[in-house]
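Work through the exercises below with the coordinates open. Try each task before reading its solution.

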Amino acid sequence: MNDQETCTSCKQAKKWRDDFPVEWEGDNYVTRREMVKFLTLGSLFLAVASWATAFASKFLHSGSQNRQLLGLSDDLKPNGSALFRYPTAKDPCIAVRTADGKLVAYSQVCTHLSCAVVYDKSEQSLFCPCHNGRFNLEQGAPIAGPPTRPLPRIKLVESNGRIYATEREA
Ligand code: FES
C-alpha cells in the first residue's frame, strides 16, 4: 500500500518535472541581457508614470481653478477697486476697473515681503504701504520700491453684467 502511494507520488513528480522543467543550477543566474531588459523596462515604466503624474497634476490643477462669480459689473466703477479671494479663501486678490474702463485683477500679496497691496486712485497703480512698493495696472509689474517681481495676474471675464475670475496665472 505504501509502495503504491510512493509510486503514485513519483509519477506525479515526474509528470510535473516533465511539464515544467527547471534547471536548478541556472535558476539564480540572471544574464546581462535580462538585467538590461529589466532596467530598460523599469526606466520606461518610471518615465511613463512620471509623465502620467505630471499630466494628472496639471489636469487637476486647472480643474481646481473654476470660474468664480465675483460680483456685478455695475458695482465696480471706473477708477475703483474691489477685493476678493481666488482660487481659494486663502488667496486675497484685488480687481481694478481703470479710468478708461478696463478690468484687471492681481494677487493682493506683494511680491516683496507679502504685505497687502491696495489701489492708489491718485496714482492709478497698486501700492504696497509696507515699503512703498508700487505696481502698474497694465501687467502688475513693479515700478517703484523694493519689489522686483510682478504680481500674479487673475484672469477676469465679464458676461451678462457679471464679473467672473477664471484663472490665476503664475
Ligand atoms: S512688502 Fe510690499 S514693498 Fe515690501
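Strands here are DSSP runs of E with at least two residues, numbered from the N terminus. The model is predicted.

**Exercise 1. Place the unusual backbone geometry.**
Task: find which peptide bond is cis, from Tyr86 to what residue? Then locate two non-glycine residues with positive phi, Asn79 and Asn132.

Solution.
- Step 1. The bond from Tyr86 to Pro87 is cis, and its omega is near 0°.
- Step 2. Pro87 lies in the loop between β2 (80-85) and β3 (92-97).
- Step 3. Asn79 is not a glycine, yet its phi is positive, about 60°. The loop between β1 and β2 holds Asn79.
- Step 4. Asn132 also has a positive phi of about 60° without being a glycine. Its place is the loop between β6 and β7.

**Exercise 2. Lay out the four-stranded sheet.**
Task: what is the strand order of the open sheet of four strands? Which are its edge strands?

Solution.
- Step 1. The order reads β5-β6-β7-β8, and the pairing is antiparallel.
- Step 2. β5 (118-120) and β8 (142-144) each pair on one side only, which makes them the edge strands.
- Step 3. On average, neighbouring strands of this sheet are turned by 40° against each other, with direction ignored.
- Step 4. Check one pair. β6 (residues 125-128) and β7 (residues 133-135) run antiparallel and are joined by three bridges. Opposite Leu126 stands Phe135 in β7.

**Exercise 3. Lay out the three-stranded sheet.**
Task: what is the order of the three strands in the other open sheet? Why is one side of β1 and of β9 left without a neighbour in the sheet?

Solution.
- Step 1. The order is β1-β10-β9, with antiparallel pairing.
- Step 2. β1 (68-72) and β9 (154-159) stand at the edges with a single partner strand each, so one side of each has no neighbour in the sheet.
- Step 3. Here neighbouring strands are turned by 30° against each other on average, direction ignored.
- Step 4. Four bridges join β1 to β10 (residues 162-168), and the two run antiparallel. One residue to inspect is Leu69, whose bridge partner in β10 is Tyr164.

**Exercise 4. Sort the cysteines.**
Task: how many disulfides does a search of the whole structure find? Is Cys130 buried, partly exposed or exposed?

Solution.
- Step 1. The search finds one disulfide. Cys115 is joined to Cys130, with an S to S distance of 1.9 Å.
- Step 2. The angle about the S-S bond is -95°, and the link is left-handed.
- Step 3. Distant parts of the chain are linked, 15 residues apart: Cys115 is in the loop between β4 (103-107) and β5, and Cys130 in the loop between β6 and β7.
- Step 4. Apply the cut-offs: buried is under 20%, exposed over 50%. Cys130 has a relative accessible area of 39%, so Cys130 is partly exposed.
- Step 5. Cys93, at 0%, is buried. Cys128, at 2%, is buried too.

**Exercise 5. Map the nonpolar cores.**
Task: how many residues make up the largest nonpolar core? Which elements give two or more residues to this core?

Solution.
- Step 1. The largest core has 12 residues in all, including Ile94, Val104, Cys110, Leu126, Cys128 and Phe135.
- Step 2. β3, β4 and β6 give two or more residues to this core.
- Step 3. A second, separate core has 11 residues, among them Leu76, Phe84, Ile163 and Ala165.
- Step 4. Return to Cys110. Beyond its neighbours within four places in sequence, Cys110 is in contact with Cys115, Val117, Cys128, Phe135, Pro147 and Leu151.

Methods: Residues numbered from 1 in each chain as written. Predicted model: local features only at pLDDT ≥ 70, side-chain atom pairs only at ≥ 80, totals over all residues. Heavy atoms only, no water. Pairing = 2+ DSSP bridges. Axes fitted to C-alpha atoms, helices over the stretch in contact; angles between N-to-C directions. Disulfide = S-S within 2.5 Å. Buried < 20%, exposed > 50% of the residue type's maximum accessible area, 1.4 Å probe, protein only. Core = buried A, V, L, I, M, F, W, Y, C linked by side-chain atoms within 4.5 Å. Contact = heavy atoms within 4.5 Å.
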